[in-house]
Amino acid sequence: SETLSRPLADRADFPGLVTSDGAPWHYLDSAATAQKPQKVIDALTNAVGRDFATVHRGVYARSANMTRAFEDARRKVAAFIGGAEAELVFTRGATEAINLVAYAYPDKGRVLLSELEHHSNIVPWQLAGWQVDVCPLTSDGQIDLDAAEAMLTREHTMVSFAHVSNVLGSTLDGKRAADLAHSVGAKLLLDGCQAVPRLPVDVAALDCDFYAFSAHKLYGPTGIGALWGRAELLGAMPPWQGGGAMIDQVGFHRTTYAPAPQRFEAGTPAIVEAIGFGAACDYTAAIGLEAIHAHESRLVAQTREALGAMNDVTLYGPADSAGIVSFLIDGIHPHDLGTILDEENVAIRAGHHCAQPLMAKLGIPATARASFGIYSDEEDVAALMRGIERTKRIFG
Ligand code: PMP
């Protein structure tokens, strides 16, 4: 626990980690969104302030500089997951990235999802007219790839799974999922929202076809995310939104389009946010994803051990969950727990976590969820346990 007493990053670097009264805030909701380090805030401030101009159009130096910074950010974000910049589309977030594939992928057939998916990896497929099949989970909350193997048919053109579950913290064997998808001629999309902030991710090693994630969970700004896709797949996909910047030649009756990734980025992009996204990749990469994973795994182990010692607590998800611990206390609704913990300056998430089908499968309406980040430490876990003990006393 020597190592646990210290966070990986300097907590003083994160202005969001104090309450409005200046007290330490035990923020255990990083899976929902992460607090931002000063370096990211500074990058955003400079981009929207002294360096601000539009990109890709200006003839003046400021705009050329902004264009360079914006495209540097694309390179950084792509490199962060082992991809090439020409394969990296900026989106509003993981949600928009998944919607993009669901709408623009030309071969809309059957898609295999899993029981643990976030609503953003369910609803877009329904709206875009895919036929949805659902892979079950193993008893410890992993996507059951043996079941997936048995279910996949030549009618499946897409498999779309969470790389790490936002509720259970279970980590998918992405390479095996890719092999299974490819064996029937389907493509694999990984929803990497929860994986990218807490595991080293390499799309080449995973052998996936699309990878979706959001900046705000990776210590970056809201309003921006990314879709990585294989060049030949993006190149074969038609645009899904029209406007400026995505075109080649426009006429009233015929328009030709820019190549990917610009083809999928209609309108003035989120320039400031993209630059902040790049800064967040720099910041996180400098700490190192291996170190982050080990750090969060220690905090998870400590939390699961403390909760597991309570005979009125049910733990969900696998023992080696990545950065996320979901649980229920007998007789205490997660919302009541969350409200009392808030009085102790401990922030957890309570609810269905945008995974109503998973809650239905587990037969529960909600869970309490503690999730960690690079600034989390042993004191956060201790504060959570103190708050739980107090809540139990209140509920008698
Ligand atoms: N997938 C998973 C696994 C998530 O945790 C989230 C965010 N909770 C999303 C998708 C959606 O991300 P966003 O809201 O940033 O688009």
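**Helix 2**

I began with helix 2 in this predicted model. It covers residues 61-80, which makes 20 residues. I looked up its reach from first C-alpha to last and found 28 Å, close to the 28 Å expected at 1.5 Å a residue.

Which residues of helix 2 are buried? I noted M66, F70, A73 and R74, then K76, V77, A78 and F80. I then checked what covers them: the list includes strand 2 (88-91), strand 8 and helix 9 (271-287).

After the helix I looked at G82, which follows helix 2 and has a positive phi, near 75 degrees.

**Strand 7**

I turned next to strand 7, residues 210-214. I wrote it down as mostly covered, with five of its five residues buried.

In a regular strand the side chains alternate between the two faces of the sheet. I therefore sorted the residues by side, since side chains in a regular strand alternate between faces. On one side of strand 7 I have F210, A212 and S214, and on the other Y211 and F213; all are buried, so both faces are covered.

**Neighbours of strand 7**

How does strand 6 run relative to strand 7, parallel or antiparallel? I found the two parallel, joined by three bridges. Strand 6 spans residues 187-191. For L189 I looked up the bridge partner in strand 7, and it is F210.

Strand 8 (residues 225-229) runs antiparallel to strand 7, and I recorded five bridges between them. Here A212 stands opposite L227 of strand 8.

Strand 8 was already in my notes, among the elements that cover the buried residues of helix 2.

Conventions:
Residues numbered from 1 in each chain as written. Predicted model: local features only at pLDDT ≥ 70, side-chain atom pairs only at ≥ 80, totals over all residues. Buried ≥ 20, exposed ≤ 12 C-beta atoms within 10 Å, placed from the backbone. Helix = DSSP H or I, 4+ residues; strand = E, 2+ residues; numbered from the N terminus. Pairing = 2+ DSSP bridges. Expected span 1.5 Å × (residues − 1). Contact = placed C-beta atoms within 7 Å.
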